[in-house]
2 protein chains.
Amino acid sequence: MLCSSPPAERADAARNRAAVLNAAAALFRQHGIEAVSMDAIAAAAGVGKGTLFRRFGDKAGLAVALLDEQERSLQEAILFGPAPLGPGTPDDDPGSRERLRAFVAAYVDYLLAHLPLIRMSETASPGARYRIGAYRFWHRHVSLLLQKRDDPEADAHTLLAALAAEHVHAVAAEVGATRVRQSVQGLADALTI
Amino acid sequence: MLCSSPPAERADAARNRAAVLNAAAALFRQHGIEAVSMDAIAAAAGVGKGTLFRRFGDKAGLAVALLDEQERSLQEAILFGPAPLGPGTPDDDPGSRERLRAFVAAYVDYLLAHLPLIRMSETASPGARYRIGAYRFWHRHVSLLLQKRDDPEADAHTLLAALAAEHVHAVAAEVGATRVRQSVQGLADALTI
DNA sequence: CAGGTAATCGGACTACAGTCCAGTTATGCC
DNA sequence: GGCATAACTGGACTGTAGTCCGATTACCTG
């Protein structure tokens with residue numbers, strides 16, 4: 001059996017998927033995310049609305065798909081990359097402090113670089129942030145780094161609250177990205193004594 | 001001049017305002033906030049949609065109006081009530097640690113008691129949370145209690161991130177309200193060493 | 001290459017938030 | 001009490017997210 005692969009994606013579906021992602025990226029660049037409607041994306045991609053929603057669920061799902069590549073590269077750096085972001089040097093960093101610092105720094109960079117898109121992926125529908133797979137990944141990672149605390153899981157959620165796109169967007173507009181970054185770093189430090 | 005009062009509110013406007021608030025409260029209790037449309041509220045209150053939006057701006061504004069009384073009572077307890085929540089005992093609490101603990105405890109109580117309403121007031125439109133007056137109040141208060149930190153303003157925002165209705169709603173559903181409460185208390189403690 | 005099957009497509013449809021403005025009505029002044 | 005004015009009212013209107021289902025088309029089998 002040469003073709004025992006799972007049903008995979010139909011050729012036309014793959015073409016439409018690419019067309020939608022390209023059209024969405026172009027429109028977002030040109031007009032800003034907020035100003036682009038799903039109708040406009042469907043029209044620009046040359047597909048119907050049904051196709052758009054069938055493939056991506058909603059606007060948040062579309063944003064997640066556009067972020068996919070960036071997100072994966074950060075996740076791979078965390079899982080397999082060099083220390084301090086990646087694993088390794090477990091001896092001279094017993095409290096995982098440096099690795100947590102590195103994660104916060106890298107995540108804030110990622111967040112600021114793609115703020116509008118991440119913000120849409122987290123706020124398009126209520127509770128979206130906590131449902132998407134990426135959040136689970138960040139949460140698991142931070143939980144492991146907070147293993148010395150009484151309740152690593154809950155504390156990881158609490159730390160991640162300060163990294164919500166909506167929060168960083170609003171606070172950076174008021175006090176500047178630098179102070180937000182330092183404050184969250186200070187919080188991470190406080191949790192790893 | 002007996003009637004030098006400012007233009008005040010017209011009698012019919014006051015009647016409609018009360019009718020809307022009553023109708024909204026009743027419908028929210030009965031069907032849950034998410035399931036109630038602005039059309040339904042207007043119809044139940046016997047007013048037109050134009051009136052509803054003129055008076056309250058949007059769904060978030062309506063939620064804020066419904067929360068007004070509760071919110072003010074917490075704010076007054078903070079400003080004028082007894083220690084540790086209110087002012088006083090400045091000597092045996094030099095780092096404001098106890099007062100911050102009391103604030104977190106009181107705020108979490110308030111949040112859990114009115115979670116759906118507060119959540120709507122914060123998430124109805126993007127960025128709503130940071131625009132409403134109440135957030136400014138909580139932020140100013142926490143900033144004062146974090147005066148010993150390098151950047152009280154930014155740290156206050158960071159602490160308040162963990163008290164966002166959206167965040168507490170999602171995390172409490174996963175790990176329970178008690179662990180959320182303790183984790184945020186732990187964070188407040190970590191910031192007041 | 002032909003036919004069956006199941007996934008996919010796409011545009012008409014619904015429901016909802018929020019806007020607008022012409023008509024109405026309360027209020028203050030004479 | 002009558003009138004000018006400004007504020008209020010309410011329903012028709014717009015634009016958008018998201019749903020639905022009949023028509024279409026790609027893929028697999030023989």
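In this predicted model, the buried residues of α10(B) pack against elements of both chains: α7 (128-131) and α9 of chain A, and α5 (97-113), α6 (115-123) and α11 (177-191) of chain B. Those buried residues are Ala165(B), Glu166(B), His167(B), Val168(B), His169(B), Ala170(B), Val171(B) and Ala172(B). Helix α10 of chain B spans residues 165-175, and 8 of its 11 residues are buried, so the helix is largely enclosed by the rest of the structure. Just after α10(B), Gly176(B) has a positive phi of about 95°.

The contact between the chains draws on 27 residues from chain A and 27 residues from chain B. On the side of chain A that touches chain B, α9 (152-161), α10 (165-175) and α11 (177-191) of chain A each contribute at least two residues. The most come from α11(A), with 9 residues. By class, the residues on this side of chain A are 14 nonpolar, 8 polar and 5 charged.

How are the two chains related? A rotation of 180° with 0.0 Å of shift along its axis places chain A on chain B, with an RMSD of 0.1 Å. The two copies are thus related as by a two-fold rotation axis. Of the interface residues of chain A, 100% are also interface residues in chain B, so the copies meet through the same surface.

Both chains also contribute to the surfaces near the DNA strands. DNA strand C is surrounded by 24 residues, the closest being Gly48(A), Gly50(A), Ser37(B), Gly50(B) and Asp58(B). Two or more residues of this surface come from each of α1 (11-31) and α3 (49-56) of chain A and α1 (11-31), α2 (38-45) and α3 (49-56) of chain B.

For DNA strand D, 23 residues form the surroundings, and the closest are Ala11(A), Gly50(A), Asp58(A), Gly48(B) and Gly50(B). Here α1, α2 (38-45) and α3 of chain A and α1 and α3 of chain B each supply at least two residues.

The table gives the element with the largest share and the class make-up for each DNA strand.

| Surface | Largest share | Classes |
|---|---|---|
| near DNA strand C | α3(A), 5 residues | 6 nonpolar, 7 polar and 11 charged residues |
| near DNA strand D | α3(B), 4 residues | 6 nonpolar, 7 polar and 10 charged residues |

Conventions:
Residues numbered from 1 in each chain as written. Chains lettered and ligands numbered in written order. Predicted model: local features only at pLDDT ≥ 70, side-chain atom pairs only at ≥ 80, totals over all residues. Contact = placed C-beta atoms within 7 Å. Nonpolar A, V, L, I, M, F, W, Y, C, P; charged D, E, K, R; others polar. Buried ≥ 20, exposed ≤ 12 C-beta atoms within 10 Å, placed from the backbone. Least-squares fit on C-alpha atoms with pLDDT ≥ 70 in both. Near = placed C-beta within 6 Å.
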